[in-house]
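Me: I am in my first year and would like to learn how to read one part of a structure closely. Please look at the model below with me.

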Amino acid sequence: MATAVTKPPRAATARERRRTGATPRRLPYLLIAPAGLLMLGFIAYPVLSVFYYSLQHYNPTKPWRNGFAGFDNFTKIFTDDPHFWGTLTFSLKWVVVEVSLQLLLGLALALIVNQTFAGRALGRALVFSPWAVSGVLTSAIWVLLYNSQTGITRYLADLGIGEYGTSLLSDTATVFPAAIVADLWRGVPFFAILILADLQSVPKDLYEAAEVDGAGRLRQFFHITLPHIRDAIVLSTLLRAVWEFNNVDLLYTLTGGGPAGVTTTLPLYVAETSVDAHNFGYASALTTVAFVILLFCSIVYLRLSKFGGDSK
């Protein structure tokens, strides 16, 4: 009986080898392409729309004035807007005070809950819980606390501190500290969470070696702890500064920008210009200016802080 002759396998051509080798390399990009396209659509389109409308006169309630504006909106912002510089100044003041206090208090809380003590898990849960509360709900809580009839001022008046009917949110002398305290309650846990996560990665043997060498707690903090958590501090400070600059919900619910406009930030001014006045073209120009300011400050901050560099 004749035996079948088996042909040797055909060697793959160069094109086939390139094709089979390229498929595994492209597969990850193909898998993330749908999500990437969705993100591009939901992020790029609004950003480009803002840039486009910033060059337009666009007010749906006055369609006869709509049209190409060029740089007229930007010229008005810097030369003929009585509110822009005041709101920008208050925004910078708000960011500096809030982020500085949140960083210091968050760092202190992180150092405390990083220690070993009875009930540490419960303590961490209580420290971090305000961060899970939404901004609007946080505002509602503090509006009730600051209420002149049922809030803390009434109980202070019962103790002989202050007068009945005092409203902390209606007085230009007290509204800023009152708003600062309300936002601190929610913002401090953010720093505590990020810094605590980085604190737990610091090798314990470094502290043991420092104790053997006679280093005290203060020297250990500045020479061991602080260098290891520097990147976490830089990143959390940058993120929180951007979020505080764009803070609208808390101030809008607490004060509405008042009294007498003293707590109106630039984003709140943008919201009033677009939602209340329906001047979307000018509001887009204000948003573009705010975007450029944030982008410039972020780049300078990251360069000066040398984020990601070897500091350990």
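Which residues does threonine 263 touch, not counting residues up to four places away in sequence? Please give a connected account of this part, and then place it within the rest of the chain.

Reply: The structure shown is a predicted model, and the account that follows should be read with that in mind.

Threonine 263 touches Phe90, Val175, Leu251, Thr255, Gly257, Gly258 and Leu268, when residues up to four places away in sequence are not counted. Threonine 263 itself is placed in the loop between α11, residues 249-254, and α12, residues 266-276. A location in a loop does not by itself tell a reader how much of a residue is covered, and that must be looked up for each residue. Here the relative accessible area of threonine 263 is 1%. Buried means under 20%, so threonine 263 counts as buried.

One of the contacts deserves a closer look. A polar atom of the threonine 263 side chain lies 2.6 Å from the backbone oxygen of glycine 258. Glycine 258 also takes part in a further feature of the backbone: a cis peptide bond joins glycine 258 to proline 259, with omega at about -5°. Proline 259, like threonine 263, is found in the loop between α11 and α12.

The next residue to consider is alanine 260, which also lies in the loop between α11 and α12. Alanine 260 is not a glycine, yet it has a positive phi of about 60°. Its relative accessible area is 79%. Exposed means over 50%, so alanine 260 counts as exposed. The loop between α11 and α12 therefore holds both the buried threonine 263 and the exposed alanine 260.

A positive phi of about 60° is also found at histidine 278, again although the residue is not a glycine. Histidine 278 is placed in the loop between α12 and α13. With a relative accessible area of 32%, histidine 278 is partly exposed.

The UniProt record helps to place this part within the chain. An unreviewed entry lists residues 27-55, 94-113, 125-145, 175-197, 250-270 and 282-302 under "transmembrane region". Two of these spans can be described from the model. Residues 175-197 are 100% helix and 0% strand, and their end C-alpha atoms lie 34 Å apart. Val175, one of the residues that threonine 263 touches, is where that listed span begins. Residues 27-55 are 93% helix and 0% strand, with 41 Å between the end C-alpha atoms. The unreviewed UniProt entry also lists residues 88-301 as "domain: ABC transmembrane type-1". In the model, that span is 72% helix and 0% strand, and its end C-alpha atoms lie 19 Å apart.

Attention may now turn to the surface. A nonpolar patch there is formed by Leu38, Met39, Phe42, Ile43, Val47, Leu48, Phe51, Phe291, Val292, Leu295 and Ile299, with about 1,100 Å² of accessible area together. The elements giving two or more residues to this patch are α1, residues 14-53, and α13, residues 280-305. The largest share, 7 residues, comes from α1. Phenylalanine 291, one of the patch residues, lies in helix α13 and is partly exposed, at a relative accessible area of 43%.

Valine 50 is also found in helix α1. At 24% relative accessibility, valine 50 counts as partly exposed. Leaving aside neighbours within four places in sequence, valine 50 is in contact with Ser284, Thr287 and Thr288. Valine 50 and valine 95 are 45 residues apart in sequence, and their C-alpha atoms are 24 Å apart in space.

Finally, there are charged pairs to consider: the structure holds 2 salt bridges. In one, arginine 240 pairs with glutamate 244, and the closest N and O atoms are 2.9 Å apart. These two residues both lie in helix α10, residues 230-245, where they are 4 residues apart, about one turn of the helix. Both arginine 240 and glutamate 244 are buried. Arginine 230 forms a salt bridge with aspartate 231, the closest N and O atoms being 3.6 Å apart. Aspartate 231 is partly exposed, at 25% relative accessibility.

To return to the part requested, threonine 263 is a buried residue in the loop between α11 and α12, with a side-chain polar atom 2.6 Å from the backbone oxygen of glycine 258.

Terms used. Residues numbered from 1 in each chain as written. Predicted model: local features only at pLDDT ≥ 70, side-chain atom pairs only at ≥ 80, totals over all residues. Heavy atoms only, no water. Patch = residues over 30% accessible without salt bridge, like charges linked within 9 Å, V, L, I, M, F, W, Y side chains within 5 Å. Areas by Shrake-Rupley, 256 points an atom, 1.4 Å probe, with all protein chains shown as cover. Salt bridge = Lys/Arg side-chain N within 4 Å of Asp/Glu carboxyl O. Buried < 20%, exposed > 50% of the residue type's maximum accessible area, 1.4 Å probe, protein only. Contact = heavy atoms within 4.5 Å. UniProt positions renumbered as here; feature names shortened; annotations may be inferred. Polar contact = N/O pair within 3.5 Å; in protein donor to acceptor, adjacent residues only side chain to side chain.
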